[in-house]
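Thanks for coming, everyone. Today I would like to walk through one helix contact and then a few aromatic rings, so please keep the structure in view while I talk.

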Amino acid sequence: MASSRGIWVIGAAVFTIGFSTTLAMPLFTTYAARDGQGAGGLSAAFIAYAASAIISAPLLGGMSDRIGRKPCILAALALTICGTIALITAPGLAALAFARGMQGLAVGLLAGGATAWAAELAGGPEAGRRAAQVTTLASASGFAAGGIATMIAIEIFGGREPPLTFWLHMTALATIFALVFFLPETKTPARVAWLRMPSFPRGTLPLSLSMLAAWAVTGTVITAVPTALTEAGYPRMGPLAVCFMILVGALVQQLMARIAARRLVLLGLPVLVFGAGLVMWGTLNAALPALLLGGALVGSAAYGFLYIGGLAGVSEKAGLDRARAAAGVFLVAHIGFCIPPLMAGFAMDAFGAGATLTVFWLLLAGFAVSLMWALRGAGDRAPSDR
């Protein structure tokens, strides 16, 4: 009973930290307008999450082995609390950038210890699988739930700031912090290297780059699409499409585990391109059906097909070096989450939404075709990978 409770407490910690990453999403354009910034300023504040994750991943990836599981999870919760406090006390782009940076550090700490601690608490031959299922579902559903909850609160209670969800989130974080504090530690601190640099096993570059494409699209949809729709007079349409994208992606992610990794990526790339095209068209024409359908396809491709396929494919080729190989995938993915959305944001300010989103889609389509060609060529050379 105690071990089962521990798994769910850790799952709750993962959920609330994931929840924080989209908690303020319906207010992104409000913050940007209040601070006199456009899509570029919003993108710069938003990607502080990915930037902090890129910088901290080599330092924090093995931290739970060095200092123990519990201190890492408690520190992740504390950092998340700091970010939410900033959004409550000083809402704006500066607070958003600070909160996103704290969230990136929190996720870096969480990734190294949450699943391992849950598995160690559970024990038994199926512990690892069960722990991974709980933490993966908690992470994906947390990402989906934060923005949806705040959007509902705004619709019910109006534009009051901070929204009720911010206060509820703080209460949940404090409660879970106390529950985690009383869980037993399972890892004796050990001397391990401070730096654990990501690795890129031979033959995995197309798989890793598929994650760059996926997260470039999701990052651009989260930042540029709501900005364009707000400027067109539809401030709620963008957050709705983004929340729907994340929710569908979280659901589809649970269905992808049994499909071969390379096939998942080959299926996911055209779905990503088609979904992105619908999102861009729906944005430029303020067409909600196209936005929702496109968002569902992008979410399915990015969080389901490409996330699972890319990570599994790289892990299969990494042998015993799976942890560093997985870190390499996440590094490439976070670069995609940073640079393309930032460039798209500033391009929108300079050239407008129509030209920017059209060029973005054309570049995405060309990149996806080249990746599919590379993957098919690799499959022809190694039939056992099929």
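**A helix pair and some aromatic rings**

Let me begin with two helices in what is, I should say at once, a predicted model: the axes of helix 6, residues 69-89, and helix 9, residues 164-181, come within 10 Å and cross at roughly 165°. Since angles over 145 degrees count as roughly antiparallel, helix 6 is therefore roughly antiparallel to helix 9, and the crossing of the two is left-handed. On the side of helix 6, the residues making the contact include Ile 73, Leu 77, Ile 81 and Ile 88, while helix 9 contributes, among them, Trp 167, Met 170, Phe 177 and Phe 181. Sorted by class, this contact has 16 nonpolar, 3 polar and 1 charged residues.

Now to the rings, where the structure holds 4 aromatic pairs. One of them joins Tyr 49 and Phe 337 edge-to-face, with 6.5 Å centre to centre and 75° between the planes. That pair links distant parts of the chain, as Tyr 49 sits in helix 4, residues 48-60, and Phe 337 in helix 14, residues 322-351, 288 residues apart. Tyr 49 and Phe 337 are both buried, and together with Trp 215 they form one aromatic cluster.

What is the geometry of the pair formed by Phe 181 and Phe 182? This pair is also edge-to-face, at 5.3 Å centre to centre and 85° between the planes. As for accessibility, Phe 181 is partly exposed, with a relative accessible area of 46%, whereas Phe 182, at 67%, is exposed.

Terms used. Residues are numbered from 1 along each chain as its sequence is written. This is a predicted model: local features need pLDDT of at least 70, side-chain atom pairs count only at pLDDT 80 or more; totals for chains, interfaces and linings use all residues. Side-chain values use heavy atoms; hydrogens and water are left out. Axes are lines fitted to C-alpha atoms, for helices over the stretch in contact, and angles run from 0 to 180 degrees between N-to-C directions. Helices (H or I, at least four residues) and strands (E, at least two) are DSSP runs, numbered from the N terminus. Angles under 35 degrees count as roughly parallel, over 145 as roughly antiparallel, 65 to 115 as roughly perpendicular and the rest as oblique. A crossing is left-handed if the near helix is turned anticlockwise from the far one by less than a right angle, and right-handed if clockwise. Contact means heavy atoms within 4.5 Å. Ala, Val, Leu, Ile, Met, Phe, Trp, Tyr, Cys and Pro count as nonpolar, Asp, Glu, Lys and Arg as charged, and the others, Gly among them, as polar. Rings of Phe, Tyr and Trp (its six-membered ring) pair if their centres lie within 6.5 Å; planes under 30 degrees apart count as stacked, over 60 as edge-to-face and the rest as tilted. Buried means under 20% relative accessible area, exposed over 50%, partly exposed in between (1.4 Å probe, protein chains only).
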